[in-house]
Amino acid sequence: MPAATGLGLLKGLGVTLKHMLRPAVTQQYPHERPDLAPRTRGVIALMDENCTVCMLCSRECPDWCIYIDSHKEQVPPKNEGGRARTRNVLDRFAIDFALCMYCGICVEVCPFDALFWSPEFEYSTYDIDELLHEKEKLREWMDTVPPPPPLDEGAVQPKEVTDAIDKAEKAREKALAATQAKAAPAEAPAGDGGGAAAAAAAPAPAAAKKEEIHVDDVQIDQETFDKLIAEGQSERMARAKAKAAYVRKEKARIRAEQEAAGGGDAAAESPAAEAPAEAAPEPKQAEVHVEAGEIDQETYDQLIAEGKSERIARSKAKAAYVRKKKAELQGGDDA
Amino acid sequence: MSDLDVRSVTVPATAPGESMAVELVGDGDFATQDMTLSIGPQHPATHGVLRVVIELDGERIMKATPVIGYMHRGFEKLAEYRDYRQIMALTNRHDWLSGFNNELGVALVAEKMLEMEVPERAQWIRMLIAEWGRILNHLMFTGSFTLELGAITPMFYAFREREDIQHLLESATGGRLHFTYNQVGGLKIDLPKGFLKRSRELSALVRKRLKDYDDLVLGNEIFLARTKHVGSLPPDVALSFGVTGPTLQAAGVAEDSRVTEPYLKYDEVDVPVPVGENGDAFDRFYVLLRRMAASLDIIDQIHDNIPSGPVNQKLPKIVKVPEGECYLRIENPLGQLGYYLVSDGQKNPWRLKMRTPSFSNIAAIPYMLEGVLLPDLIAVLGSVFFVVGDVDR
Amino acid sequence: MTAAEGLLTGLPNVWAQIPFMIGIMLGMAMVVSLVVGYMEHKVMAHQQARLGPMEAGGFHGWAQLVADGIKFVQKEDIIPRNADAKVFSMAPGIALVPALLIFLVIPLGPRVWALDLRSGLFYALAIGSIGAIGLLAGGWASANKFSLIGAIRGVAQLIAYELPLILAAAAVAVQAESLSLVEIVTAQAEFTIQGTTIGIPFIVPQLLGFGIFFTASLAELNRPPFDMPIADSELVFGFLTEYTGIKFAMFLLTEYAGMVAMSALMAVLYLGGWEIWPGLGLPGCEGVGGAMECGLGGTLLGVGVMMGKIMALSFVMVWLRVTYPRLREDQLQKFSWLVLIPLSLLNIAVVAIGKVVF
């Protein structure tokens, strides 16, 4: 035993006492639901309509835990005199979750968007055999799949998103041209043409707008919920479906309101003008790239004076430099 | 005691590595025999299925032999039958506490052989997650080491922090332990919106909470008494056993492949390498705590430096690595992880040799255990940070 | 005449008093031990940023230990093949009964005690040590190397820490001029310096002695940081490794009963027993100390104060367990022989000199 000063012992007692006086971090699980991220790999859901029985998932699975059965079916020709085609029909799609190692390769390789991850995790069983789930069960989990989260600001947006932005951009240009055309020859019958152009432009911004309709504070559609419960669905499933129903209803309502708010040309314009205006600056900001490396001396000195460590000060000063440069560049652009 | 008069008794071996002959010490009626005690394979202090066969005279350990292989799962052989994407899901699991760093090693070695340019953004994000993974791993050992010494509380604090970090990483990767976020040529998908903001906040929070471990454990006189000068490992011995990571740094050798042989963008950030003085259990724990702070420093630098851009490359449907061979080492949380990849141009490697840090680190255990007391065995086993899956593979 | 005394003297003979004694003993040992056990769960949990038991019984898991008890009873009783079955089965009883017998002499409140032995302190310390035989028997009979090491550690620890414990208690006996626990409480109320009577708990003049007694009792009870006989990370569970079911539960109960007994002893020896402050007197009470006559309210208040002190001391024991790692066996021995025993000798010398001078 070394000559104990006892100070360390007292400090330790202080730490535990401090924690006792603070609220605990425990989540009371069955009473309190965990807040899981949309990307959480909880269970694999199947959209069986999308499956073409290409077998990629089954072959790529490191544990060989996906079982697929199918048969071929003759499809009558579309046009008369054409050839009859064959189509794969999915008979069985089963995943043995007792073997699955949740690596997500199947979801990743699926070329037809038939497999998705869902954060649903409450499917434990009393018997290992019961963990083999067939396509009906996998389809049910589809209702619990959340929409993918938006990406970070610095990310390259996926093609679907950039396409939508492009479309909206084009529509805005068209609409702009149309209004100009309408404004210039005031008494000319060009108003008709302008109206037509605006009307043509309308679907695109509406599509862009549709993505923006976001329903906060998701509630449960009680009617749907009750109905599903009455049908004998599990509470969780019913809740998820009822939520989806609520969101659908809300979106429809919002859309209807928007459409009702403005009727004619002006209404078609305003979403057209707004949507790209919000979407457009994003890629622009991403373009401004500053070679980091230099230090903003002023910030650096100030941080050092504040007693920050050298390393922190340096990295913060770097960031300050980058910010300044970016502001300069952008200012230049605007001018 | 009359049955102990014989000088040497033969005990039938019940398992490989167990001693056959038992020496008797002392005279006549006072003759005592060493007791052979099997610590493990099922024992709370070996966290996993390591077995240490020790010979005890009273509580003093005369000889200690680690017996490994109870958890051999044939990773290297399995890797020969899997493509690179599947190998990443597999290597996540040999050291289950540093999943991201393991898969990173496979991705890096494959990319090196493909001579592939990985997008800058992907490299920075890889670094960010790798450092968070390092903290996750170190937190686990902070908790388990102190738990083995009898202090139950740091474990719970460590798991509180781990929970927060896992929650953060789950939002980006979908996994909590086995991230499988890498792919050859980059990352599977970009970070979700708000990740960096939350990462910043969490970094500040964890940094604040690390002080609790200092107060609770590092200054505690009982802890000092238990760990100071226990299981000392001099630098030359450590190097001769191939010990790496915090165990080597505790011996005073500032070896860290993030500094000595930088990969990703580690040459563009400042990587602090804490070192110890005596290489004893205390220094190993001290270095472990300081390495967490160092990782937080790196994380803070990364936040400001992540460029925008793509995070992966268009890949062919089947990734085939050209013929050849390559060895690459990275700094795993527990030490240096090396992957030696031999490819014959097929979609699976011809051979993937893993040099895992835990395996080399436990090689030094018999050296450290000679002549110490039974409770010190626990201090030594706990402070030579290893994961049994990483030892047996 | 108080309620308790009325009950006692109203009874026809000494045989009828036995159920009353057993009542006090068991009530104290079982109920208070369970309360302390529950407190340990909760305090530990909250100090570790957790909630602890929350479900059993509804409100904050108050019935957790009851539920645990029911679970232990249901479990299969396993006796290892090579074990000495008789000794193995007797050991939990040998450990538990002495821990309960201590409660015979502990005064819980004014006039609330089963026995006022003239040699109460001696009895309490002596019978408390018997439990170690149960520990040794259990460890030896288990036919398990880990159990054996645990048992030997336990006994070595007991030998080392019995001495400072007794020396510290002796200093109290010197100061109180009595071995009777009731008289020790009275002595604190009638503490005299230079002829003036100022009630003062013995912790004030004997802070050092209290520290020694507290540390040594932790070691006696095998409580962390002195829990080497159990040392779950080294010896799996020490002498308890092979025990299951009700026998294991008996050992657990022994630990909690021991905690309560030691806390109660400390409350009596150093903190003035059932009095809020020695010499102050409880409302509704006449006289001082052992001669106190209290109404029902005063008696209950006295018992409450005593319970409060027991809980406070048990809380500190839990607090230490949460915070500290475990010492090593040799460090434990050194700490006792080189630090605690010399200090307790010094303590007894200082107290004796003080007694003569003042």
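**Sheet in chain B.** I began with the open sheet of chain B in this predicted model, and I read three strands in the order E4-E5-E6 with antiparallel pairing. Strand E4 (35-39) and strand E6 (60-67) of chain B stand at its edges with a single partner strand each, so one side of each has no neighbour in the sheet. I noted that neighbouring strands of this sheet are turned by 20 degrees against each other on average, direction ignored. Looking up the pairing of strand E5 (residues 51-57) of chain B with E6(B), I found 7 bridges in the antiparallel sense, and in this pairing B:Val52 stands opposite B:Pro66 of E6(B).

**Helix pair in chain B.** I then turned to helix H4 (residues 120-148) and helix H14 (residues 374-383) of chain B, whose axes come within 9 Å and cross at roughly 175 degrees. Angles over 145 degrees count as roughly antiparallel, and H4(B) and H14(B) are therefore roughly antiparallel to each other. On the side of H4(B) I listed B:Ser144, B:Phe145 and B:Glu148, which meet B:Ile378, B:Gly382 and B:Ser383 of H14(B). By class, the residues of this contact divide into 2 nonpolar, 3 polar and 1 charged.

**Chain A, overall.** For chain A I recorded 13 helices and 5 strands. Of its 335 residues, 22% are buried. Among the contacts in chain A with a separation of 6 or more, 69% are between residues 24 or more positions apart.

**Strands of chain A.** I looked next at strand E1 (residues 43-46) of chain A and asked myself which residues cover its two faces. A:Val43 and A:Ala45 lie on one side, A:Ile44 and A:Leu46 lie on the other, and all of these are buried. I kept in mind that side chains in a regular strand alternate between the two faces of the sheet. E1(A) pairs with strand E4 (residues 115-118) of chain A in the antiparallel sense over 4 bridges, and there A:Ala45 stands opposite A:Phe116 of E4(A).

I also found an open sheet of 3 strands in chain A, with the order E2-E3-E5 and antiparallel pairing. Its edge strands are strand E2 (66-75) and strand E5 (132-133) of chain A, each of which pairs on one side only. Strand E3 (residues 85-96) of chain A is joined to E5(A) by 2 bridges, and the two run antiparallel; in this pairing I identified A:His133 of E5(A) as the bridge partner of A:Ile95.

**Contacts between chains.** Turning to the contact of chain A with chain B, I noted 38 residues from chain A and 40 residues from chain B. The elements of chain A that give two or more residues to its side are helix H1 (7-20), helix H3 (105-109) and helix H13 (310-334), and H1(A) gives the most, with 7 residues. The residues on this side of chain A divide into 21 nonpolar, 10 polar and 7 charged.

For the contact of chain A with chain C, I recorded 10 residues from chain A and 16 residues from chain C. The side of chain A that touches chain C has 5 nonpolar and 5 polar residues, and no charged residues.

**Nonpolar cores.** I then asked which residues touch the most other members of the largest nonpolar core. Of its 243 residues, these are B:Val380 and C:Ile106. Helix H9 (residues 245-270) of chain C supplies the largest share of this core, 18 residues. I followed C:Ile106 further and, leaving aside residues up to four places away in sequence, found that C:Ile106 touches C:Trp113, C:Leu181, C:Ala264, C:Leu265 and C:Val268. Another core, of 6 residues, lies apart from the largest one, and its members include A:Tyr300, A:Ala313, A:Ala317 and A:Val322.

**C:Asp116.** My last entry concerns C:Asp116, which I placed in the loop between helix H4 (85-101) and helix H5 (120-141) of chain C. Is this residue buried, exposed or partly exposed? C:Asp116 counts as partly exposed, because it has 14 C-beta neighbours inside 10 Å. Not counting residues up to four places away in sequence, C:Asp116 touches C:Ser180 and C:Val182. I also checked C:Asp116 against C:Leu340, which is 224 residues apart along the chain, and the C-alpha atoms of the two are separated by 30 Å.

Notes. Residues are numbered from 1 along each chain as its sequence is written. Chains are lettered from A and ligands numbered from 1 in the order in which they are written. This is a predicted model: local features need pLDDT of at least 70, side-chain atom pairs count only at pLDDT 80 or more; totals for chains, interfaces and linings use all residues. Axes are lines fitted to C-alpha atoms, for helices over the stretch in contact, and angles run from 0 to 180 degrees between N-to-C directions. Angles under 35 degrees count as roughly parallel, over 145 as roughly antiparallel, 65 to 115 as roughly perpendicular and the rest as oblique. Two residues are in contact if their C-beta atoms, placed from the backbone, lie within 7 Å. Ala, Val, Leu, Ile, Met, Phe, Trp, Tyr, Cys and Pro count as nonpolar, Asp, Glu, Lys and Arg as charged, and the others, Gly among them, as polar. A residue is buried if 20 or more other C-beta atoms lie within 10 Å of its own, exposed if 12 or fewer, and partly exposed in between; C-beta atoms are placed from the backbone. Two strands pair if DSSP finds at least two bridges between them. A nonpolar core is a set of buried Ala, Val, Leu, Ile, Met, Phe, Trp, Tyr and Cys residues joined through C-beta atoms within 7 Å.
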